[in-house]
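Please open the model in your viewer and keep the selection tool at hand. The stops below follow one another, each starting from something to select and then saying what is there.

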Amino acid sequence: MAHELDGRRVAILATDGVEEAEYTEPRAAVEQAGARVELVSLKPGQIQAVKHQDKSNTYPVERTIDEVNPDEYDAMLLPGGVANPDHLRANQQAVRFVKAFVDAGKPVGAICHGPWLLVEADALRGGRTVTSWPSLQTDIVNAGGNWVDEQVVVDNGLVTSRKPDDLKAFNTKIVEEFCEGRHEGQAAG
């Protein structure tokens, strides 16, 4: 099972304020499964991760949003942290990047506050079922999604989880969905 993602490329879209465990643990899971992973961010250099509200480690940006094309990747990860997705959803290139994955039926994993990018990319319309950090419930429902309070939810290639405590289940499901590849019915209704 260590090579089920061989030959697959995964983009992790993140910036300053990313919740460290939600970046490092899913990255390690898909890399251990054989995927080539790149941290895509808004600017070159490093991003500042956090453990809840406290600064933790920094991580090198491998590519910037203006250097990438969604066609280069097979799947996407959207880690949380409060500030990370809030900054990303204000950047139209980042939102278009996410929307391109959803529209193409490529698998996307989003945890905690990461689903804010799915809201902004209009990816939940038509009743897509997702979970997230509880404070996003109203945003998800207003965007046309169906919010549930579950450890991990899979909806036709879209994998969502609530918080760092759910990472084990989230990581298992993202590897499974990334292995399956494109999902024809994933594009928002």
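Two strands are said to pair if DSSP finds at least two bridges between them. With that in mind, and remembering that this is a predicted model, select strand 1 (residues 9-13) together with strand 3 (residues 36-41): the two run parallel and are joined by 5 bridges.

**The whole chain**

Before going further into that pair, zoom out and colour by secondary structure, which shows 6 helices and 12 strands in the chain. The radius of gyration is 14 Å, close to the 16 Å that the globule rule gives for 189 residues, so the chain is as compact as a globular protein of that length. Along the principal axes, the C-alpha atoms fill a box of roughly 40 × 35 × 30 Å. If you colour by accessibility, buried residues make up 54% of the 189 residues, while the accessible surface comes to about 8,100 Å², with 45% of that surface belonging to carbon and sulfur atoms. Among the contacts with a separation of 6 or more, 68% are between residues 24 or more positions apart.

**Strand 1**

Return to strand 1 and show its side chains. In a regular strand the side chains alternate between the two faces of the sheet. Here Arg9, Ala11 and Leu13 point one way, whereas Val10 and Ile12 point the other way. Is this strand enclosed or open to the outside? Since 5 of the 5 residues of strand 1 are buried, the strand is largely enclosed by the rest of the structure.

Now add the neighbours of strand 1 to the selection. In strand 3, the residue that stands opposite Arg9 is Arg36. Strand 7 (residues 75-78) is also parallel to strand 1, and 3 bridges join the two; within this pairing, Val10 stands opposite Ala75, and Ala11 has Met76 as its bridge partner.

**Salt bridges, beginning at Arg9**

Next, display the charged side chains; the structure holds 15 salt bridges. Select Arg9 and Glu38, which form one of them, with the closest N and O atoms 2.9 Å apart. This pair links distant parts of the chain, because Arg9 lies in strand 1 and Glu38 in strand 3, with their positions 29 residues apart. Both Arg9 and Glu38 are buried. Widen the selection to Arg36, Arg63 and Glu72, and you will have a network of salt bridges that also includes Arg9 and Glu38.

For a second salt bridge, select Glu62 and Arg27, whose side chains meet at 2.9 Å, N to O. This pair, too, links distant parts of the chain: Glu62 sits in the loop between strand 5 (54-60) and strand 6 (63-64), Arg27 sits in helix 1 (residues 20-32), and the two are 35 residues apart. Which partner is buried, with a relative accessible area of 11%? Arg27 is the buried partner, whereas Glu62 is partly exposed, with a relative accessible area of 37%.

A further pair to select is Arg162 and Asp166, which form a salt bridge in which the closest N and O atoms are 2.9 Å apart. Arg162 and Asp166 are both buried.

**Strand 7 and Met76**

Finally, centre the view on strand 7. Both of its faces are covered, with Ala75 and Leu77 on one side and Met76 and Leu78 on the other, and all four of these named residues are buried. Besides its pairing with strand 1, strand 7 pairs in the parallel sense with strand 8 (residues 108-111) over 3 bridges, and in that pairing Met76 stands opposite Val108.

Select Met76 by itself and ask which residues it touches, leaving out those up to four places away in sequence. The residues in question are Val10, Ala11, Phe97, Val98, Phe101, Pro107, Val108, Gly109 and Phe178. Met76 is buried, with a relative accessible area of 0%, and the cut-off for that term is a value under 20%. As a last distance to display, join the C-alpha atoms of Met76 and Val37: they are separated by 9.3 Å, although the two residues are 39 residues apart along the chain.

How values were computed:
Residues are numbered from 1 along each chain as its sequence is written. This is a predicted model: local features need pLDDT of at least 70, side-chain atom pairs count only at pLDDT 80 or more; totals for chains, interfaces and linings use all residues. Side-chain values use heavy atoms; hydrogens and water are left out. Buried means under 20% relative accessible area, exposed over 50%, partly exposed in between (1.4 Å probe, protein chains only). Helices (H or I, at least four residues) and strands (E, at least two) are DSSP runs, numbered from the N terminus. A salt bridge is a side-chain nitrogen of Lys or Arg within 4 Å of a carboxyl oxygen of Asp or Glu. Contact means heavy atoms within 4.5 Å. The radius of gyration is taken over C-alpha atoms; the globule rule is 2.2 Å times the number of residues to the power 0.38. Accessible areas come from the Shrake-Rupley method with a 1.4 Å probe; for residues, only the protein chains shown count as cover.
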